[in-house]
Amino acid sequence: MHDFEFKAGQFYCEGVKVSSIAERVGTPFYLYSYKTLTDHFLKIQRAFARLNPIICFAMKSNGNLSVIKSLVDLGAGIDIVSVGELKKALLVGADPKKIVFASVGKTGEEIAFAIKTGILLFNVESEPELAEINRIAVKMGKKVQAALRINPDVPAPTHEYTNTGSLKKKFGIDLRTTRQIFKAWKKYSHVKINGVHIHIGSQITSGAPFVGAIKKVIAFIDELRAEGIRIEYLDIGGGLGIIYKDENPQTAQQYADKIVPILEKTGLKIIMEPGRFIVGNAGIFVTKVLYVKDNGLKKFVIVDGGMNDLIRPMLYDAYHEIVPVIQNKAAQQKCDVVGPICESGDFFALDRLLPKVKKNDLLAVMSAGAYGYVMASNYNVRPRVPEVMVKGNKFKIVKERETFQDLMRGERIVRW
Ligand code: PLP
């Protein structure tokens, strides 16, 4: 569900014509709907109200300050993976006591900064990392809290690169080692290990993998508790799938119906880390047709956006619906929608049926709000595009288009 729709032949984001934004800011650009963004957060909040969980928005999915501020204002916490994300979270006034810090490789500087900030929990991904957190906490004379990220080794039906809950992947700690760490808790004088964290993957559309992992982890927590180990937090991660094409993902309510009864019995304080579910369908990427060419075998629609702006099709074989921004009733034809970059992987769609388009037509690449702008790069010396947010009948630029000068900052021609 989202707030992008046609009205009288024109594609709108809430109350604003997408084409009128393109006239003002140029193309390409990312466009976010405030309403879709906040509605999705509220859906999770409502569905899980009985548990009153800490809902930490996974900022890696979209780190725009206005996006995270909109969610923080509704009570969201933030799931961070770097000190940069932590600093952005603090800039928008996120409560440190609602910030959790995952990442397989936290540096000493990052750990120290997070300790100074007083975050709620470190989600620890290895035994040496726990030792390092303890060492730094001792040095700083501070006590901190940690959850151990368990790798539950469960199947997650998603793309190989977004599957994180198997022992073949770098994430988390295996159950045997986790048990040993919990039992040796006295070794860590300044870290209170009182939580367990899982995140089995992303874009998982059915409930079963989550239920399986959560049950496995609760059974494990029960064993630990039986041995007298105290555990206060369970962070169930993110991973909820959304509609890109024809998926039929579980709703927040269906997810809650399955897991709230199981979680409730544990008496644990629940943390959630949704990213894509909240922001994925709240954003689109708008790009302009530069040229159309036909080489006898294939038709190519060449647009001004590229894989440096939205890498998901190349990286994950991801499907994104593509919609002409002015309703186009021309006959459909099969084409590749491609960018200008010197890579065969620079495409938004392959062999896609689209109404015949022409130079200067605007295309909306749908469901681009999550893992879109945040993964953009300057490949081919392409400045990153602006981000725009609509609320009702208004739109505002929430990140300016980069300039050539921005790209050159810090770069030098050395003379030996
Ligand atoms: N939590 C952790 C630890 C993650 O690694 C991720 C994404 O990779 C998320 C939460 C968010 O996942 P999603 O955007 O699928 O909800």
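# Notebook: strands, cores and ligand surroundings

**Entry 1. The N-terminal sheet.** I began with strand 1 and strand 2 (residues 10–13), which run antiparallel and are joined by 4 bridges. The model I am reading is a predicted one. I looked up the partner of Phe4 and found Cys13 in strand 2. I then traced the whole sheet: it is open, holds 3 strands in the order 1-2-3, and its pairing is antiparallel. Strand 1 (4–7) and strand 3 (16–17) are the edge strands, each pairing on one side only.

**Entry 2. Helix 1.** I next listed the buried residues of helix 1 (residues 18–25) and obtained Val18, Ser19, Ile21, Ala22 and Val25. Viewed down the helix axis, these buried residues fall within an arc of 155°, so they line one face of helix 1. I recalled the general rule that an α-helix has 3.6 residues a turn, so residues three or four places apart point the same way. On the face turned away from the buried side I noted the exposed residues Glu23 and Arg24. After helix 1 comes Gly26, and I recorded a positive phi, near 75°, for this residue.

**Entry 3. The nonpolar cores.** I asked which residues have the most contacts inside the largest nonpolar core. They are Phe48, Phe122, Leu234 and Val337, in a core of 98 residues. Helix 8 (residues 208–226) gives the most to this core, with 9 residues. A second, separate core has 19 residues, including Phe11, Leu31, Val323 and Ala364. For Phe48 I listed the contacts, leaving out residues up to four places away in sequence: Pro53, Ala252, Tyr255, Ala256, Ile259, Val260 and Met272. I set beside this the general tendency of nonpolar side chains to be buried together in soluble globular proteins.

**Entry 4. Strand 18 and its partners.** I returned to Ala364 of the second core and examined strand 18 (residues 362–365). Leu362 and Ala364 point one way from this strand, Leu363 and Val365 point the other way, and all are buried. Strand 13 (residues 283–294) runs antiparallel to strand 18 and is joined to it by 4 bridges. Within strand 18, Val365 is the residue that stands opposite Phe285. Strand 15 (residues 322–324) also pairs with strand 18 in the antiparallel sense, over 3 bridges. There I found Val323 bridged to Ala364; both of these residues are among those of the second core.

**Entry 5. Strand 5.** I asked how many residues of strand 5 are buried. The count is 5 of the 5, so strand 5 is largely enclosed by the rest of the structure. Ile54, Cys56 and Ala58 lie on one side, with Ile55 and Phe57 on the other, and both faces are covered. Strand 5 runs parallel to strand 12 (residues 269–272), with 2 bridges between them, and Ile54 stands opposite Ile271 there. Strand 6 (residues 77–80) is likewise parallel to strand 5, joined by 3 bridges; in strand 6, Gly77 is the bridge partner of Cys56.

**Entry 6. Lys60.** I followed the chain to the loop between strand 5 (54–58) and helix 3 (65–72), where Lys60 is found. Lys60 counts as partly exposed because its relative accessibility is 31%. Leaving out residues up to four places away in sequence, I found that Lys60 touches Asp79, Val81, Glu85, Tyr371 and Val374. The side chains of Lys60 and Asp79 make a polar contact at 3.1 Å. I also took the C-alpha separation of Lys60 and Phe11: 28 Å, for residues 49 apart along the chain.

**Entry 7. The ligand.** I asked which residues are closest to the ligand. They are Ser202, Gly239, Glu273, Arg276 and Tyr371, among 14 residues that surround the ligand. Asp79, the polar partner of Lys60, has a polar side-chain atom 3.2 Å from a nitrogen atom of the ligand. Tyr371 also appears in the contact list of Lys60. I recorded two backbone approaches to an oxygen atom of the ligand: a backbone N or O atom of Gly275 lies at 2.9 Å, and one of Arg276 lies at 2.8 Å.

**Entry 8. Ser103.** Lastly I located Ser103 in the loop between strand 7 (99–101) and helix 5 (108–117). Is Ser103 buried or exposed? Its relative accessibility is 13%, so Ser103 counts as buried. The side chain of Ser103 reaches the backbone nitrogen of Gly105 at 3.2 Å. Beyond four places in sequence, Ser103 touches Val81, Glu125 and Glu129; Val81 is also one of the contacts of Lys60.

Conventions: Residues are numbered from 1 along each chain as its sequence is written. This is a predicted model: local features need pLDDT of at least 70, side-chain atom pairs count only at pLDDT 80 or more; totals for chains, interfaces and linings use all residues. Side-chain values use heavy atoms; hydrogens and water are left out. Buried means under 20% relative accessible area, exposed over 50%, partly exposed in between (1.4 Å probe, protein chains only). The arc is that of the directions from the helix axis to the C-beta atoms. A nonpolar core is a set of buried Ala, Val, Leu, Ile, Met, Phe, Trp, Tyr and Cys residues joined through side-chain atoms within 4.5 Å. Contact means heavy atoms within 4.5 Å. A polar contact is a pair of N or O atoms within 3.5 Å; within protein, one must be able to donate a hydrogen and the other to accept it, and residues adjacent in sequence count only if both atoms are side-chain atoms. Two strands pair if DSSP finds at least two bridges between them. A residue is near a molecule or strand if one of its heavy atoms lies within 4 Å of it.
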